[in-house]
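Me: Please take a close look at one helix and what lies around it. I want burial, contacts, and any pocket or cavity beside it.

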Amino acid sequence: TTADCIYLGPSTSQNTWTLSQAVLDWLQPGDEIIVTNQDHEANTGVWRKLEKRGLGIREWRMDASGELRTEDLTPLFSARSKLLAFPHCSNILGDINPVADICSLARKHGVRTVVDGVSFAGHGLPDFAALGCDIYLYSLYKVYGPHQGVMVVRPDMAQLLGNQGHFFNAGIREKRLTP
């Protein structure tokens, strides 16, 4: 991962909210976002609120054991599916999701991915490139840093996102996702 993929913000919760606003320049009414019921409210809630803006929300539900199964994800994909938001690690059970497999499956359906790595990053070093996600989020304080959030955003994904900073900073990469 290179420095041109890194964005800092006040917290992962705030960064996720910022991303939910930034996708509104890319997504159109009727497009769909897939979320899970295994996620922390900070990741799933901001996407669910976009239903009020005309986006469809589909839910990838855990099975009875609390795990997310890719065979339950596949039927959720449609021609309108554009974004999948899911956790690297369950906030509930600590179950580590097969992120690379999930991202590969999503990509085959033309769906971009946002991975909430807050519960995982403190226990392992996520290899963003190997995971294959479009956006990876985590909190520095979970890895013994300051209370800031980190967004790792692939440059091609960043180009889809609307400027969230001052209009005069729209051309400055580091400031585009900082309200």
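The reply below starts from helix α2 and then moves outward.

Reply: This is a predicted model. Start with helix α2, which spans 41-48.

The helix and its cover. In α2, the buried residues are Asn-43, Thr-44, Gly-45, Val-46 and Trp-47. What covers them? The cover of these buried residues includes α1, along with strands β2, β3, β4, β5 and β6. In sequence, β3 runs 56-60, β4 runs 81-87, β5 runs 112-116 and β6 runs 135-139. Strand β2 covers 32-36.

Asn-43 in detail. Asn-43 sits in α2. Its relative accessible area is 1%, so Asn-43 is buried. Which residues does Asn-43 touch, leaving out those up to four places away in sequence? They are Thr-16, Ala-85, Phe-86, Val-114, Asp-116 and Leu-137.

The neighbouring helix. Trp-17 belongs to helix α1. Its relative accessibility is 39%, and buried would need under 20%. Trp-17 therefore counts as partly exposed. Thr-44, by contrast, is one of the buried residues of α2. Trp-17 and Thr-44 are 27 residues apart in sequence. In space, 10.0 Å separates their C-alpha atoms.

The pocket. The largest pocket has a volume of about 200 Å³. Its lining counts 14 residues, and the closest to the centre are Ser-13, His-40, Ala-42, Val-118 and Ser-139. Which helices contribute at least two residues each to that lining? They are α1 (12-22), α2 (41-48) and α5 (118-121). By class, the lining has 9 polar, 3 nonpolar and 2 charged residues.

The cavity. A search of the whole structure turns up 1 cavity of 30 Å³ or more. The volume of the largest cavity is about 30 Å³. Its lining is made by Asp-39, His-40, Pro-87, Cys-89, Asn-91, Asp-116, Val-118 and Ser-119. By class, that is 3 nonpolar, 3 polar and 2 charged residues. His-40 and Val-118 line this cavity, and they are also among the residues closest to the centre of the largest pocket. Asp-116 lines the cavity and touches Asn-43.

Aromatic pairs. The structure holds 3 of them. One joins Tyr-136 and Tyr-138, with ring centres 6.3 Å apart and planes at 55°, so this pair is tilted. Tyr-136 has a relative accessible area of 2%, so Tyr-136 is buried. Another pair is Phe-167 with Phe-168. Here the centres are 5.3 Å apart and the planes are at 80°, an edge-to-face arrangement. Both Phe-167 and Phe-168 are exposed.

A loop after α1. Gln-28 lies in the loop between α1 and β2. Is Gln-28 buried or partly exposed? Its relative accessibility is 45%, so Gln-28 counts as partly exposed. Setting aside residues up to four places away in sequence, Gln-28 touches Leu-55 and Arg-80. The Gln-28 side chain also reaches the backbone oxygen of Trp-26, at 3.5 Å. Ala-100 is 72 residues from Gln-28 in sequence. In space, the two are 27 Å apart, C-alpha to C-alpha.

Back to the helix. Asn-43 of α2 is buried, and α2 also supplies at least two residues of the lining of the largest pocket.

Technical notes: Residues are numbered from 1 along each chain as its sequence is written. This is a predicted model: local features need pLDDT of at least 70, side-chain atom pairs count only at pLDDT 80 or more; totals for chains, interfaces and linings use all residues. Side-chain values use heavy atoms; hydrogens and water are left out. On a 1 Å grid over the protein atoms alone, a cavity is a set of points where a 1.4 Å probe fits but cannot get out, and a pocket is an open set with protein on both sides within 12 Å along at least five of seven lines; lining residues have an atom within 4 Å of a point. Grid points are joined across faces, edges and corners, and a volume is the space filled by probe spheres set on the points. Helices (H or I, at least four residues) and strands (E, at least two) are DSSP runs, numbered from the N terminus. Ala, Val, Leu, Ile, Met, Phe, Trp, Tyr, Cys and Pro count as nonpolar, Asp, Glu, Lys and Arg as charged, and the others, Gly among them, as polar. Buried means under 20% relative accessible area, exposed over 50%, partly exposed in between (1.4 Å probe, protein chains only). Contact means heavy atoms within 4.5 Å. A polar contact is a pair of N or O atoms within 3.5 Å; within protein, one must be able to donate a hydrogen and the other to accept it, and residues adjacent in sequence count only if both atoms are side-chain atoms. Rings of Phe, Tyr and Trp (its six-membered ring) pair if their centres lie within 6.5 Å; planes under 30 degrees apart count as stacked, over 60 as edge-to-face and the rest as tilted.
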